[in-house]
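Trainee: I would like a close look at one part of this model. Please start from a single loop residue and work outward from there.

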Amino acid sequence: ERLSVVTDAGSHGTHVAGIVAANFALDSALNGVAPGAQVLACKIGDGRLGSAETGTGLVRALIAAKARGCDLINLSYGEPAWQHDSGRVAETFTAAVRKWGMCVFTSAGNDGPALSSLGSPGALSAPICVGAYVSPAMMAEQYSMLPVADVSGASYSFSSRGPTPDGFMPSLCAPGGAIAPVPRHALQGKAQYHG
């Protein structure tokens, strides 16, 4: 057997894993959306590239998830893209969803609020693309917006939007901010983390 020792280049992966699977037996209000779910962490970033993900890293991670029987995949990153649904990465995402039976979620990315800011992998046709939603209560807490009763929920300003030139848009929006299950060494004052 081979042991791979992987280090996180930042706290984003841990942060997102906590949003998903945090499990606090004594205070369920702190739980993630699937408390205690098993998490397989696959590093897709390359430290030599400022932790930017690579196509090779993505393909290897999807294949590793398949080999270990994962049912659900979450990828919380986004970058500009020009040719959606083409190339080896797009083919592997399509195989994961349509052949391997995985449910794959991707973030819309953080290049909003401009229209047509949705990039890869959010604009791929196989995964479910999720934009970041902010509720009136979260607006009041984070931005001191008053009065809250007059404000409706919306996409966060940073959340990427469609349509892309070929018509792709995020599939849905979900809470995307003020959730901070990050390692203690990464906590800084009143930092707010978005997932």
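Mentor: Gly78 sits in the loop that runs between β3 (72-75) and α3 (88-98). The model is a predicted one. Gly78 is partly exposed, at 32% relative accessible area. Leaving aside residues up to four places away in sequence, Gly78 touches Ser107, Gly109, Ser120 and Pro121. Leu118 lies 40 residues from Gly78 along the chain. The C-alpha atoms of Gly78 and Leu118 are 8.0 Å apart.

Now the elements on either side of that loop. β3 and α3 each give two or more residues to the largest nonpolar core, and so does α2 (55-67). That core has 14 residues. Its largest share, four residues, is supplied by α2. Ile44, Ile73, Leu75, Phe93, Met102 and Val104 have the most contacts inside the core. Nonpolar side chains tend to be buried together in soluble globular proteins.

Take Val104 from that list. Not counting residues up to four places away in sequence, Val104 touches Ile73, Leu75, Phe93, Ala96, Val97, Pro127 and Ile128. Another core lies apart from the largest one. This other core has six residues, including Ala132, Val134, Met138 and Phe158.

Met138 leads to helix α4, residues 136-143. The buried residues of α4 are Pro136, Met138, Met139 and Gln142. Viewed down the helix axis, they fall within an arc of 155°, so they line one face of α4. Ala137 and Glu141 are exposed, on the face turned away from the buried side. What do the buried residues of α4 pack against? Their partners are β5 (128-134) and β6 (154-155).

Phe158, also listed in the six-residue core, leads to the aromatic rings. Such a pair is described by the distance of the centres and the angle of the planes. The count here is one aromatic pair. It joins Tyr156 and Phe158, with ring centres 4.8 Å apart and planes at 25°, so the pair is stacked. The cut-off for stacked is planes under 30 degrees apart. Are these two residues buried or exposed? Tyr156 is buried, at 2% relative accessibility. Phe158 is buried too, with a relative accessible area of 18%. The threshold for buried is under 20%.

Conventions:
Residues are numbered from 1 along each chain as its sequence is written. This is a predicted model: local features need pLDDT of at least 70, side-chain atom pairs count only at pLDDT 80 or more; totals for chains, interfaces and linings use all residues. Side-chain values use heavy atoms; hydrogens and water are left out. Buried means under 20% relative accessible area, exposed over 50%, partly exposed in between (1.4 Å probe, protein chains only). The arc is that of the directions from the helix axis to the C-beta atoms. Contact means heavy atoms within 4.5 Å. Rings of Phe, Tyr and Trp (its six-membered ring) pair if their centres lie within 6.5 Å; planes under 30 degrees apart count as stacked, over 60 as edge-to-face and the rest as tilted. A nonpolar core is a set of buried Ala, Val, Leu, Ile, Met, Phe, Trp, Tyr and Cys residues joined through side-chain atoms within 4.5 Å.
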